[in-house]
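The following note is offered to a colleague beginning the study of protein structure. Please keep the sequence and the model in view while reading the numbered points.

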Amino acid sequence: MNPIRFSKILIVDDSESFRIKVKRLLIDAQVGYYHYEAKNGEEGISMYKKYKPHIVIMDIMMPNVGGIQAINEIMEFDPDAKIIVVSTRENKEIIDAAVKSGGAKDYIIKPFSSGAVVMTVSKQLSMNRDYKRSSTSFKQIKDLKRK
């Protein structure tokens, strides 16, 4: 099964037009099978727990529960969560902090090109697949050494 094509993706942003645009880009590129949308961090946390998506695309600046708080709560629930943060260049320091803390795995700067979104999401989904593959290989090598 292709992990890029058949993955679950959660898009969290207070802008409905942003969510629709990202969802359309991913569908057109055949990235993801299920695309969930949340309008704020609180809804994003709830939907993460309910659907357990493979990737979260999270805006940092949102009313009520913002992206950073939502990232922290999702990481507390699932330390292996793959979160891609999204924001404008003005918030680059906040983005860098989110990535350096280990909460976010990557980032996308607004405004973005369609290729940037597809490439960033695909890269994270592929990395997840490669990790599982290498873990299996390590186990197989370990088993061979025992024989």
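1. The model under review is predicted. A suitable place to begin is Tyr51, whose relative accessibility is 25%. Because buried requires under 20% and exposed over 50%, Tyr51 counts as partly exposed.

2. Which residue forms a stacked aromatic pair with Tyr51? The partner is Tyr36, with 4.0 Å from centre to centre and 15 degrees between the planes. Tyr36 belongs to strand 2 and Tyr51 to helix 2, so their pairing ties together parts that are 15 residues apart in sequence. Unlike Tyr51, which is partly exposed, Tyr36 counts as buried, at 15% relative accessibility.

3. Both tyrosines belong to one aromatic cluster, together with Phe6, Tyr33 and Tyr34. Those three further members also make a nonpolar surface patch of about 330 Å². Tyr34 is located in strand 2, which covers residues 34-38, and is partly exposed, with a relative accessible area of 43%.

4. Six aromatic pairs are found in a search of the whole structure. One of them joins Phe18 and Phe112: the ring centres are 5.6 Å apart and the planes stand at 90 degrees, so this pair is edge-to-face. Phe18 is part of helix 1 (residues 16-28), whereas Phe112 sits in the loop between strand 5 (106-110) and helix 5 (114-146); the pair therefore ties together parts 94 residues apart in sequence. Are these two residues buried or exposed? Phe18 and Phe112 are both buried.

5. In soluble globular proteins, nonpolar side chains tend to be buried together. In this model, the largest nonpolar core has 23 residues, and Leu10, Val12, Val56, Met58, Ile74, Ile83 and Val85 have the most contacts inside it. At least two residues of this core come from each of strand 1 (8-12), strand 2, helix 2 (41-51), strand 3 (55-59), helix 3 (67-77), strand 4 (83-88) and helix 4 (92-100). Which element gives the most to this core? Helix 3 does, with four residues.

6. Val56 merits separate inspection. Leaving aside residues up to four places away in sequence, Val56 touches Leu10, Val12, Tyr48, Lys82, Ile83 and Ile84. Another core, of 17 residues, lies apart from the largest one, and Ile4, Ile9, Ile84 and Val121 are among its residues. Ile84 thus appears in both lists: as a contact of Val56 and as a member of the other core.

How values were computed: Residues numbered from 1 in each chain as written. Predicted model: local features only at pLDDT ≥ 70, side-chain atom pairs only at ≥ 80, totals over all residues. Heavy atoms only, no water. Patch = residues over 30% accessible without salt bridge, like charges linked within 9 Å, V, L, I, M, F, W, Y side chains within 5 Å. Areas by Shrake-Rupley, 256 points an atom, 1.4 Å probe, with all protein chains shown as cover. Salt bridge = Lys/Arg side-chain N within 4 Å of Asp/Glu carboxyl O. Buried < 20%, exposed > 50% of the residue type's maximum accessible area, 1.4 Å probe, protein only. Core = buried A, V, L, I, M, F, W, Y, C linked by side-chain atoms within 4.5 Å. Contact = heavy atoms within 4.5 Å. Phe/Tyr/Trp six-rings, centres within 6.5 Å; stacked < 30°, edge-to-face > 60°.
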